[in-house]
Amino acid sequence: MEKIEILDMTLDDLAQIENCLISDFDDFWSASILKSELMGPNKVYIVAKQNEEIVGFAGFMRNLLEVEIMNIVVKKNCRRKGIGKLLLQKMIEKAKNDGAQEIFLEVNENNKIARQLYQNVGFAEVGKRKNYYKQENAILMVKKLLLA
Ligand SMILES: CC(C)(COP(=O)(O)OP(=O)(O)OC[C@H]1O[C@@H](n2cnc3c(N)ncnc32)[C@H](O)[C@@H]1OP(=O)(O)O)[C@@H](O)C(=O)NCCC(=O)NCCS
């Protein structure tokens with residue numbers, strides 16, 4: 001696989017993502033929501049780039065000693081190459097550097113791939129939120145971050 005760089009997301013990145021958000025990244029939020037996320041306080045967004053092409057992105061929100069993962073998505077034709085894991089590991093590293101003690105997220109109960117990805121990097125399933133996504137349940141997952 002060609003080298004993947006993980007960088008902080010910029011407004012220029014957003015313009016690139018906007019054009020292919022629905023076609024290449026699943027039906028994943030809208031460009032306007034993503035922009036308000038990127039500009040919002042306590043939000044940290046990163047991109048995965050391969051030869052200047054954005055092949056994935058992810059973001060989290062800081063809340064005192066906790067961090068909540070807001071999203072993580074990889075371009076459809078670039079999946080299963082370890083990019084999702086790289087993005088997740090970078091968010092964990094940034095959360096640790098920020099002094100967070102735990103990192104949590106909600107994932108659709110039916111999203112077996114994402115649940116597996118999170119488990120692989122040490123998240124544990126600690127609860128269920130009924131009908132969180134319209135008719136579908138969310139699984140709450142947490143990873144405790146060891147303090148240095
Ligand atoms: C979830 C997602 C980000 C994973 O990205 P990815 O780059 O394909 O993931 P990776 O290649 O790093 O795979 C990491 C692990 O996820 C699991 N996984 C990934 N694709 C899988 C598949 N098709 N089937 C089963 N498990 C899979 C595996 O456990 C894999 O580890 P392994 O390769 O060592 O077995 C990607 O599938 C995606 O963008 N999905 C749509 C958006 C989404 O659902 N986001 C999560 C919202 S909470």
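The legends below describe close-up views of a predicted model.

**Figure 1. Overall fold of the predicted model.** The protein has four helices and seven strands. Along the sequence they run in the order β-α-α-β-β-β-α-β-α-β-β. The radius of gyration is 15 Å, close to the 15 Å that the globule rule gives for 148 residues, so the protein is as compact as a globular protein of that length. A box of roughly 40 × 35 × 30 Å, taken along the principal axes, holds the C-alpha atoms. Of the 148 residues, 44% are buried. Among contacts with a separation of 6 or more, 59% join residues 24 or more positions apart.

**Figure 2. The largest nonpolar core.** In soluble globular proteins, nonpolar side chains tend to be buried together. Here, the largest nonpolar core has 30 residues. Leu 88, Tyr 118 and Phe 123 touch the most other members. Two or more residues come from each of β2, β3 (53–63), β4, α3, β5, α4 and β7 (136–144). Helix α3 gives the most, with six residues. Apart from this core lies another, of 14 residues. Met 9, Leu 34, Tyr 45 and Val 73 are among the members of that other core.

**Figure 3. Contacts of Phe 123.** Residues up to four places away in sequence are not counted in this view. Phe 123 touches Leu 88 and Tyr 118. Its partners also include Ile 69, Ile 92, Ile 103, Phe 104 and Leu 105. Met 141, Val 142 and Lys 143 are on the list of contacts too. Phe 123, Leu 88 and Tyr 118 are the residues that touch the most other members of the largest nonpolar core.

**Figure 4. Ile 17 and its surroundings.** Ile 17 is found in helix α1, residues 11–24. Its relative accessible area is 1%, so Ile 17 counts as buried. Neighbours within four places in sequence are left aside here. The contacts of Ile 17 are then Met 9, Phe 25, Leu 34, Val 47, Ile 54 and Phe 57. Val 47 lies 30 residues from Ile 17 in sequence. In space, the two are 9.9 Å apart, C-alpha to C-alpha.

**Figure 5. The largest pocket.** The largest pocket has a volume of about 1,100 Å³. It is lined by 32 residues. Closest to the pocket centre are Ile 72, Asn 111, Ala 114, Leu 117 and Tyr 118. The elements that give two or more residues to the lining are β4 (66–74), α3 (83–97), β5 (102–108), α4 (112–120) and β6 (124–133). Strand β4 supplies the largest share, seven residues. By class, the lining has 17 nonpolar, seven polar and eight charged residues. Tyr 118 appears in this view and in that of the largest nonpolar core.

**Figure 6. Two asparagines with positive phi.** Most residues other than glycine have a negative phi. Asn 42 has a positive phi of about 65°. Asn 42 sits in the loop between α2 (31–39) and β2 (43–50). Its relative accessibility is 44%, so Asn 42 counts as partly exposed. Asn 131 also has a positive phi, of about 55°. Asn 131 lies in strand β6. With a relative accessible area of 46%, Asn 131 is partly exposed.

Notes:
Residues numbered from 1 in each chain as written. Predicted model: local features only at pLDDT ≥ 70, side-chain atom pairs only at ≥ 80, totals over all residues. Heavy atoms only, no water. 1 Å grid on protein atoms, 1.4 Å probe; cavity = no way out; pocket = protein on both sides within 12 Å on 5 of 7 lines; lining within 4 Å. Points joined across faces, edges and corners; volume = space filled by probe spheres on them. Nonpolar A, V, L, I, M, F, W, Y, C, P; charged D, E, K, R; others polar. Buried < 20%, exposed > 50% of the residue type's maximum accessible area, 1.4 Å probe, protein only. Core = buried A, V, L, I, M, F, W, Y, C linked by side-chain atoms within 4.5 Å. Contact = heavy atoms within 4.5 Å. Rg over C-alpha atoms; globule rule 2.2 N^0.38 Å.
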